[in-house]
Amino acid sequence: MNSRKYLPSMGLLVAFEACARLQKFTAAAHELHLTQSAISRQIRALEDAVGVELFTRDRQTVRLTPAGEMYALEIREALRAIGNATLQLRADPGAGTLTLAILPTVGTRWLAPLLPDFMRANPGITLNLVTRLDPFDLDAEGVHAAIHYGHAQWPQAELDLLFGETVVPACSPALKAHYGFAAAADLRAAPLLHLNSRPQAWADWFAAQGLAPGDEAGTRIDQFATVTQAASAGLGVALLPEFLVRSELDRGELVPAVDLRCGSAGSYYLACASSQLRYPPLRAFREWLGRQAAASPP
């Protein structure tokens, strides 16, 4: 439903807020430099627009109705928010709140360490982070942009390519010693760990090694952090983006089952809400993230 068609004019709302706060039309008229009759006409016009009586009138006094009291609280808060936003905009035209949806592991392992640089360069921007795994309606959820893995497809969004990734079959040192992996085909004898969001990953990897389709059955896990931990614990071999498990590889908690890496079918993108492309905080973040991805791709 389009709520804008129910939006009264700002003049009517300002007049109503003053009358509700001062409880006198004459006092509101004086504050707003209008005549009392003009204030009365504005209140009547607002009541006609909303279809509800907002004041009871008794000779020279007016009182808010119960519905008017509730409406006054909402309108006062809305006008305060508009005033604060305008004041902040005048003080810093680039300021504002930016809400970004992130993929959990990419957000914590790659993006989060970079964000202090963005905040130092844009001190007026407040950054909110939410976690999302799949595409969603950015506008409906009040999100300006999202980090996306897959293909360049997201409804009502403009996508910027950030980078691709290289995946490596990884497991615990003990599991590798037990199976003695020497070639890609050897991995089919071991338990395979699958990430639910990438059901074709193992099939694609075996195909990239020149192997015919075979049995890629195994344990399916819905979270990247869980599949990484399961591989480290020796539950099986997981096909993992190398840049996201670099710490585990450096510490020896994970090792390549076989040293055969290949590129993933998908890539990482910044999906920006089409309706928000001119919003200054989003423009600043988009330009900054593009520079980060170009200067130091993972």
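**Close-up views of a predicted model**

**View 1. Helix 5 against the open sheet.** Helix 5 lies across strand 3, strand 4, strand 5, strand 6 and strand 13 (267-273), and runs at about 115° to strand 3. Helices (H or I, at least four residues) and strands (E, at least two) are DSSP runs numbered from the N terminus; contact means heavy atoms within 4.5 Å. Axes are lines fitted to C-alpha atoms, for helices over the stretch in contact, with angles from 0 to 180 degrees between N-to-C directions. The model is predicted: local features need pLDDT of at least 70 and side-chain atom pairs pLDDT 80 or more, whereas totals for chains, interfaces and linings use all residues. Residues are numbered from 1 along each chain as its sequence is written, and side-chain values use heavy atoms, without hydrogens and water.

**View 2. Strand order in the open sheet.** The sheet has 5 strands in the order 4-3-5-13-6, with mixed pairing; two strands pair if DSSP finds at least two bridges between them. Strand 4 (125-131) and strand 6 (157-163) stand at the edges with a single partner strand each, so one side of each has no neighbour in the sheet. From one strand to the next, the twist averages 25°. Strand 3 (residues 96-102) pairs with strand 4 in the parallel sense over 7 bridges, and T126 in strand 4 is the bridge partner of T97.

**View 3. The hairpin of strand 1 and strand 2.** Strand 1 (residues 55-58) and strand 2 run antiparallel and are joined by 4 bridges. The hairpin has 2 residues between its strands, and R59 in the turn has a positive phi of about 55°. R57 stands opposite V62 in strand 2. Along strand 2 (residues 61-64), V62 and L64 point to one face and are buried, while T61 and R63 point to the other and are not. Buried means under 20% relative accessible area, exposed over 50%, and partly exposed in between (1.4 Å probe, protein chains only).

**View 4. The largest pocket.** The volume of the largest pocket is about 880 Å³. Of its 45 lining residues, Y149, E165, L195, S197 and R198 are the closest to the centre. Strand 5 gives the largest share of the lining, 5 residues. A pocket is an open set of points on a 1 Å grid over the protein atoms alone, where a 1.4 Å probe fits, with protein on both sides within 12 Å along at least five of seven lines; lining residues have an atom within 4 Å of a point. Grid points are joined across faces, edges and corners, and the volume is the space filled by probe spheres set on them.
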